[in-house]
Structure formats: structure tokens, C-alpha cells
Amino acid sequence: MKKNQKQTVALVHGAMIAAVYAAATYLSATFGVAYGNIQFRLSEALTVLSVFTPAAVPGLTVGCILGNLSSPMGIWDILFGSAATLLAAITARMLRKVTFRGLPLLSVLMPVIFNALIVGAEITFLLIEGEPTAAIFAISALEVGAGELVVCLAGGIPLFYAVKKSKIFERNTL
């Protein structure tokens, strides 16, 4: 395949990932679980796609920006929530070859860590009444991290095995 064809395929993969991420975030929002202390964003299962293709890094980031357009935290969630997704996608991509029984477990955990810390801090400073404290941050981070962990394990791991079996990103075609 020619270089420009590979670039086009990567662009399309990234755009598809962004669209699915945004749509899954809005679907989660219809159930009231996309924003706030306890989140179960279906879209976060897609973060495992960073293991398969570098196109997932910008795709997930753009998808998160689009998904956060309706966040009650406004521009702060667009900036910081999307930064958490970007950092998680980059580190997941970097750690993709570190596996436990064939599963890139560290890659799967990166969104949990970054969202717990960054979104936990965002919630502590923007949504909690009164003076922010370490205890309030710890609770917010644990709440965000717990929801993220559930989605990344329950959705991300099956998605990992399905994509691995399909070899969709190995074919370099659509």
C-alpha cells in the first residue's frame, strides 16, 4: 500500500474512532452516567484501541472533545477531560507491548489512572461546595476511577479480544 493510502486509512480510522467515542458518550449521557462523580462512559472502553493503532490517539482525543461539548462542566471538561484521555491514549500506546497472559493490562489501566486523577481534581475544584481538601479529592478520584475501571475492564477487555481476533487494524484497509 502506498504511503498516502496508509495515511488516508489512518485518518479514516481516527475519524471513525472519534465518531463512535462521541456517540457512545452521548448514549451514556442519556442514562445520566457520562458526567459527574460517578461515570460509566461506554466510550471509555474504546481507549483500548490505542493498543492496535496510533490513529486511536487523536481519534479518542477528538471524540472526547466532542463528547464533552455537552458536559455540565463546560470548557473545563473539554480541556481537562480531553487532556486525561489524550494522556491515557498516549501512555496506553506506549505500554501496548507490556502484557500479562497476552492482555495489555497496563494499557487498559491508563484511562483509569488519568481520569481518576485529572477528572477527580476537576470535580473537586469545580463541583464541590466549600474548600477543596485532600479527602474530597481522594473521594472524587476513587469515584471516577471506580466507574472507569468497570467500563475499561468489562468493555475494554472484550473489545480488545474482539479486535485482536478480527485483525481489522492489521489489514490496513477499511
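**Buried charges and a helix crossing**

R41 is buried, with a relative accessible area of 6%. I start there since several of today's points come back to this residue. Before going on: what you see above is a predicted model.

How many salt bridges does the structure hold? The count is 1. Side chains of opposite charge can pair when their charged atoms come close. Here the partners are D77 and R41, whose side chains meet at 3.9 Å, N to O. D77 sits in helix α3, residues 75-94, while R41 is in the loop between α1 and α2, so this pair ties together parts that are 36 residues apart in sequence. D77 counts as buried too, because its relative accessibility is 3%, and the cut-off for buried is under 20%.

Now two other charged residues, E44 and E122.

Take E44. This residue lies in the loop between α1 and α2. E44 is buried, yet has no salt bridge. Which side chain of opposite charge is nearest to E44? That is R41, 4.8 Å away. A salt bridge needs the nitrogen within 4 Å of the carboxyl oxygen, so at 4.8 Å the pair E44 and R41 does not count as one. As for what surrounds E44, leaving aside neighbours within four places in sequence, the contacts are Y21, T85, P111, N115, E148, V151 and C152.

Then E122, which belongs to helix α4, residues 105-126. E122 is also buried without a salt bridge, and once again the nearest side chain of opposite charge is R41, this time 7.9 Å away. Not counting residues up to four places away in sequence, E122 touches M73, W76, D77, F80, G81 and L127. Please note D77 in that list: that is the residue whose side chain meets R41 in the salt bridge.

Next, the helices. Helix α1 covers residues 3-30 and helix α2 covers residues 56-67. Their axes come within 7 Å and cross at roughly 35°. Is the crossing left-handed or right-handed? For α1 and α2, the crossing is right-handed.

Which residues meet there? From α1 we have G14, I17, A18, Y21, A22, T25 and Y26. From α2 we have A56, G59, L60, V62, G63, C64, L66 and G67. Sorted by type, the residues of this contact divide into 10 nonpolar, 5 polar and no charged. Y21 has come up before, as one of the residues in contact with E44.

One residue from that contact deserves its own minute: G59, in helix α2. Is G59 buried or exposed? G59 counts as buried because its relative accessible area is 2%. Leaving out residues up to four places away in sequence, G59 touches G14, I17 and A18. G59 and L46 are 13 residues apart in sequence, and their C-alpha atoms are 10.0 Å apart in space.

Last, two residues with a backbone feature. R101 is not a glycine, although it has a positive phi of about 55°. R101 is found in the loop between α3 and α4, and R101 counts as exposed because its relative accessibility is 77%. K167 likewise has a positive phi of about 55° and is not a glycine. K167 is in the segment after α5, the helix of residues 134-166. With a relative accessible area of 45%, K167 is partly exposed.

To close, back to R41: buried, and paired with D77 in a salt bridge.

Notes:
Residues numbered from 1 in each chain as written. Predicted model: local features only at pLDDT ≥ 70, side-chain atom pairs only at ≥ 80, totals over all residues. Heavy atoms only, no water. Axes fitted to C-alpha atoms, helices over the stretch in contact; angles between N-to-C directions. Helix = DSSP H or I, 4+ residues; strand = E, 2+ residues; numbered from the N terminus. Left-handed = near helix turned anticlockwise from the far one by under 90°. Contact = heavy atoms within 4.5 Å. Nonpolar A, V, L, I, M, F, W, Y, C, P; charged D, E, K, R; others polar. Buried < 20%, exposed > 50% of the residue type's maximum accessible area, 1.4 Å probe, protein only. Lys, Arg positive; Asp, Glu negative; His and termini not counted.
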